[in-house]
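Biologist: I would like to go through this model with you. Please give cut-offs as you go.

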Amino acid sequence: MKDVYITRIAKFLPNEPIDNEQMEEKLGIINGKNSKARRIVLRNNQIKTRYYAIDANGNITHNNAQLTKEAIELLCDDTFTTKDIELLSCGTSSPDQILPSHASMVHGFLKNGNLEVNSPSGACCSGMNALKYGFLAIKAGQVNNAVCTGSERTSTWMKSDIFENEVEHLKELEENPILAFNKEFLRWMLSDGSGAVLLESEPNGTALKIEWMEGYSYAFEMETCMYAGADKLENGHLKPWSEYPAEDWANKSLFAMKQDVKLLGENILGKGVDSLKMAMKKHHITTDDFDYYLPHISSYYFKENLYEELKQQGVEIPWEKWFMNLSKVGNVGAASIFVMLEELVSSGQLNKGDKILLHVPESARFSYSYAYLTVC
């Protein structure tokens, strides 16, 4: 089996950073009223700035595949071009369409010749699953290199016009036309961006060796927590968009991303630490065996609680090992771990031999992904 190294890493965050006061201007006001939920959500998540693929005039500047292409091209130079890529593996929560696949659309923009493509779906773990596919393909000797990405373009999913039909429908029914909190919550959490890594079978200079990757799912025992393209029924099951008449797609905002906030708060940390312990036990490491801990958390609301959950379950990780950039770049879903790792590498603070643990939770139906890296 071959060794696998991250030899290049890049990120692409579109346009200028957007602060909290600019968000509603960019995404639009629903039913002519400023959101009451916005300040509550922002106070808890403590995100100060984020990026949208929307310019100063409100025009859309990139779709998801274009954002991904931009990050991939930033990996390349005269010594490694897009035509040298043997495998393209692209994960996202927010593909531009149902078909074709996201990686196929990215490949279409790259116009770099024939290669294998892979498109993991899901939410935040889809980026890690894209990375794992490339990792395993090189390890097995299938290819000599792979470009793996995580990206999101959720801003257009959160614009006010997505929800206007539902609000008008509620008015017709003489109900209180207030958008449900589980639909509005993610409007103030998610943003746009992409990250990409080049994996190779040789280190080729300074590199991060991928020692192992692991993934865990709790879907066998947990209800759906984050979803789009469906409605959640009282029995906890999802009813998909394809079983609703077309007029309900807009009236119920079926394609909006929604979050069961109560289920999230009650379970995301406990399952996360449980899976972390399984990964560490399987690979015989303790919290003394890594120098940097990169947890993808969606909100700083979870930071202290995660620390306490780790401590309670006997795997306390000292604060000096934590590295995060959520407040500056926002929650970019599948791209977040790539963007975080790029910032750590660019910081210049890594030393040869340092160990890095990546921890990515996905609330959709409670999945978790891990990667353990060594600085070469």
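Modeller: Buried means under 20% relative accessible area, exposed means over 50%, and partly exposed lies in between, with a 1.4 Å probe and protein chains only. Helices (H or I, at least four residues) and strands (E, at least two) are DSSP runs, numbered from the N terminus. The model is predicted, so local features need pLDDT of at least 70 and side-chain atom pairs count only at pLDDT 80 or more, while totals for chains, interfaces and linings use all residues. Residues are numbered from 1 along each chain as its sequence is written, and side-chain values use heavy atoms, with hydrogens and water left out.

Biologist: Which residues of helix 12 are buried?

Modeller: Helix 12 spans residues 336-346, and 8 of its 11 residues are buried, so the rest of the structure largely encloses it. The buried residues are Ser 336, Ile 337, Phe 338, Val 339, Met 340, Leu 341, Glu 342 and Leu 344.

Biologist: Which residue just after helix 12 takes a positive phi?

Modeller: The place to look is just after helix 12. There, a phi of about 80° belongs to Gly 348.

Biologist: Is Ser 126 buried or exposed?

Modeller: Ser 126 sits in helix 5, residues 125-139. Its relative accessible area is 0%, so Ser 126 is buried.

Biologist: Which backbone nitrogen does the side chain of Ser 126 reach?

Modeller: Contact means heavy atoms within 4.5 Å. Not counting residues up to four places away in sequence, Ser 126 touches Gly 91, Thr 92, Ser 93, Pro 120, Ser 121, Ala 334 and Glu 362. At 3.0 Å, the side chain of Ser 126 reaches the backbone nitrogen of Thr 92.

Biologist: In what order do the 9 strands of the open sheet run?

Modeller: Two strands pair if DSSP finds at least two bridges between them. Pairing in this open sheet is mixed, and the order is 5-4-6-7-1-8-15-14-13.

Biologist: Which strands stand at the edges?

Modeller: An edge strand here has a single partner strand, so one side of it is left without a neighbour in the sheet. The edges are strand 5 (116-118) and strand 13 (292-295).

Biologist: Which residue of strand 7 stands opposite Ala 146?

Modeller: Strand 6 (residues 145-152) and strand 7 (residues 193-200) pair in the antiparallel sense over 8 bridges. Opposite Ala 146, in strand 7, stands Leu 199.

Biologist: At what angle does helix 3 run to strand 1?

Modeller: Axes are lines fitted to C-alpha atoms, for helices over the stretch in contact, and angles run from 0 to 180 degrees between N-to-C directions. Helix 3 (residues 64-75) lies across strand 1 (5-12), strand 4 (87-92), strand 6 and strand 7. Its angle to strand 1 is about 130°.

Biologist: How many salt bridges does a search of the whole structure find?

Modeller: A salt bridge is a side-chain nitrogen of Lys or Arg within 4 Å of a carboxyl oxygen of Asp or Glu. Asp 3, Lys 209, Glu 211 and Lys 355 are linked in a network of them. The search of the whole structure finds 17.

Biologist: How far apart are the closest N and O atoms of Lys 232 and Glu 223?

Modeller: Lys 232 is buried, with a relative accessible area of 18%, whereas Glu 223 is partly exposed at 37%. The two form a salt bridge, and their closest N and O atoms lie apart by 3.0 Å.

Terms used: A polar contact is a pair of N or O atoms within 3.5 Å; within protein, one must be able to donate a hydrogen and the other to accept it, and residues adjacent in sequence count only if both atoms are side-chain atoms.
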